[in-house]
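Me: Before the terms used for this model are accepted, I should like to see the reasoning behind them. Please set each one against its criterion.

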Amino acid sequence: MFGAISKQITSLVIAASSLFSSHVTPIFQDCSFQNINNVFVFSCRIFSCYNNEIDKILQSGQNVQLSLTYRIFEVGRQLPVHENSIKHSLKYDVVDKFYTIDREEGEDFFSLDFNEAKQNFAFFEDIQVLHIDFFEEGREYILEITAELGSVFLVDMDKNIELMKYWKRPPVHRSTPFDVSDIQQ
Amino acid sequence: MRLPSFKIQITIIIVILLVLSGMLTRYFFMTQFDNYSEDITSLNLYDKIHDLYKQYDEVIDKEEVAQILTDINQIELTTYIFRREMTLYSTLFIVISGVFVLLIMLVLLTLITRPLNRLQAGTKKIAEGDLSIRIKESRFSPINGLIISFNNMVNELEINRDKLIQAEKDMMWREMAQVMAHEIKNPLTPLRLSAERMEMKYLSGSENFDKIFNDSMEVINEEINNLQRLVKEFSKFARMPTANYEDYDLNQQIREIIPPYRDEADITLSLTNDIPLFHGDKLQMKQVFVNLIQNAIQAMTTRGSIEISTKFDNETFIISIKDSGAGIPPEDMNRIFRPYFTTKEKGTGLGLSIVKRMIDQHDGSIDVLSKQDEGTTFMIRIKRNKKDKINDENFSS
């Protein structure tokens, strides 16, 4: 009786703390932009975007999507002058036990190692945004990047799992204002 | 350490009981669920099917195996997520239920205890004699019926008290009228007889008219004196003089009063020597002792004994006067301090009433203990702090 109660109190404390700790707060790191062949490109990595639930879902064989949305703002304007999205999809082959990452910006990536697959899933490299002619002399711009996980629908169980609920909030990165000369360098 | 209020204690106990019962229920279901999911995991279906496919990959379609393995993963995934959600939601449920019950209990207990506190304050007021008190009704309180009954009861009490006061006044007037009639009637008979005797002897030319005249005039003067004394007693009772307080030795006062009464009773003094100075009206207190001693002497048909004692206890002067008389009948005990109540043939019924009023004026109390054929004891209690009180009153006025 008392053993059960003390066990319950312990699990309640753990559960109560997990109320706040099971969610992760993903952030962008290593964000950079550059000019490659007169095209404005950027790279970034999302850190701290997995928890146990997301790991389990990634390993279950379901197709999981990670969308990256980027916007170019002219300084002083509310609306973006350019906006686009790009996706990464991760799927585990349950028979042959390897991971496939379908990267919209380039070639697919294959891995037998789960951690390696997770790192590549959250890494966006040299994403082509616009030709540099788009940027006008004397004006300043800001690059804003956000990301979100798609929901997973278990067809046979008719159950939808919203992966975004495991993120406290979507990560957002806003660059420092730049002008065309910064890109040309 | 001061305990929290009854309301808080009850609330805490109920919330703890609720949380404990919720935790036990949660423990039971979570344990059952864990056992069930462990049973499924222990089947190791994923590895078994995977190994089977590896052995017979030439004859088994990969897509079909992939679908089965995905389904098994889905079961494990949903079980895992379900368990996590159950843990989370059951915890939330217990916490929310606890808070909800806490709030409900606080509201309910407030609805109960607040009117109860008002009722308690109301009963105190009634005990102090204030019957004008009414408790505010609380429509949502479960004890509103009790409040209504309480108010009705106080209403009835107030009406009955007014009736009782009126009845007592009527009775006092009747008793006073009886006493007055009796006291006036008594001297009237000798007055009339003396006047008739003088008239008769005068008209008949009696030889000893002078002697009869003198005798009759003596009776007439005596009865007129009696009537004057009666009027004086009544007027004295009607206007009690204001007390003139001073510090004096109570024992000494008693010693000075006693000598004239030693001829009529065996008086024993038992006076405590180290009592402090008494603060009171010396004349009024003398009247109190004289009345009580006379009352004691009159209560004894033959020569009896009177014991007078003084002591100072718990900041209170206690004076007792005990006689060895016949005692007061139980049916008269409640009436002895009432004005005009007397059992004596020639009494006015004002002696003990005056004593009571004087003791009241000293903020004291007088109690009477009496046993038939054994005697009566009058016990006076007067607090010592009277002086400070008087000074305060004078200052504030």
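**Sheet, helices and confidence**

Reply: In this predicted model, chain B holds an open sheet of five strands, ordered E2-E4-E5-E7-E6, with mixed pairing.

Me: What makes E2 and E6 of chain B the edge strands?

Reply: Strand E2 (266-271) and strand E6 (365-371) of chain B each pair on one side only. Averaged over neighbouring strands of this sheet, the turn against each other is 15°, direction ignored.

Me: How do you know that E2(B) pairs with strand E4 of chain B?

Reply: Pairing requires at least two bridges, and six bridges join E2(B) to strand E4 (residues 305-313) of chain B; therefore the two strands count as paired. They run parallel, and Thr268(B) has Glu307(B) in E4(B) as its bridge partner. Helix H6 (residues 250-257) of chain B lies across E2, E4 and strand E5 (316-323), at about 170° to E4(B).

Me: Why is H1(B) called roughly antiparallel to H3(B)?

Reply: The axes of helix H1 (residues 6-42) and helix H3 (residues 62-127) of chain B come within 9 Å and cross at roughly 165°. Angles over 145 degrees count as roughly antiparallel, so H1(B) is roughly antiparallel to H3(B). Their contact comprises 16 nonpolar, nine polar and three charged residues, and the crossing is right-handed.

Me: What is the pLDDT over residues 388-397 of chain B?

Reply: There pLDDT stays under 50, and the model has one contact beyond four places in sequence for these residues. Where pLDDT is low, predicted coordinates should not be read in detail. Chain B averages a pLDDT of 84, with 92% of the residues scoring at least 70.

Note on methods:
Residues are numbered from 1 along each chain as its sequence is written. Chains are lettered from A and ligands numbered from 1 in the order in which they are written. This is a predicted model: local features need pLDDT of at least 70, side-chain atom pairs count only at pLDDT 80 or more; totals for chains, interfaces and linings use all residues. Axes are lines fitted to C-alpha atoms, for helices over the stretch in contact, and angles run from 0 to 180 degrees between N-to-C directions. Helices (H or I, at least four residues) and strands (E, at least two) are DSSP runs, numbered from the N terminus. Angles under 35 degrees count as roughly parallel, over 145 as roughly antiparallel, 65 to 115 as roughly perpendicular and the rest as oblique. A crossing is left-handed if the near helix is turned anticlockwise from the far one by less than a right angle, and right-handed if clockwise. Ala, Val, Leu, Ile, Met, Phe, Trp, Tyr, Cys and Pro count as nonpolar, Asp, Glu, Lys and Arg as charged, and the others, Gly among them, as polar. pLDDT is the predictor's confidence in each residue, from 0 to 100. Two residues are in contact if their C-beta atoms, placed from the backbone, lie within 7 Å.
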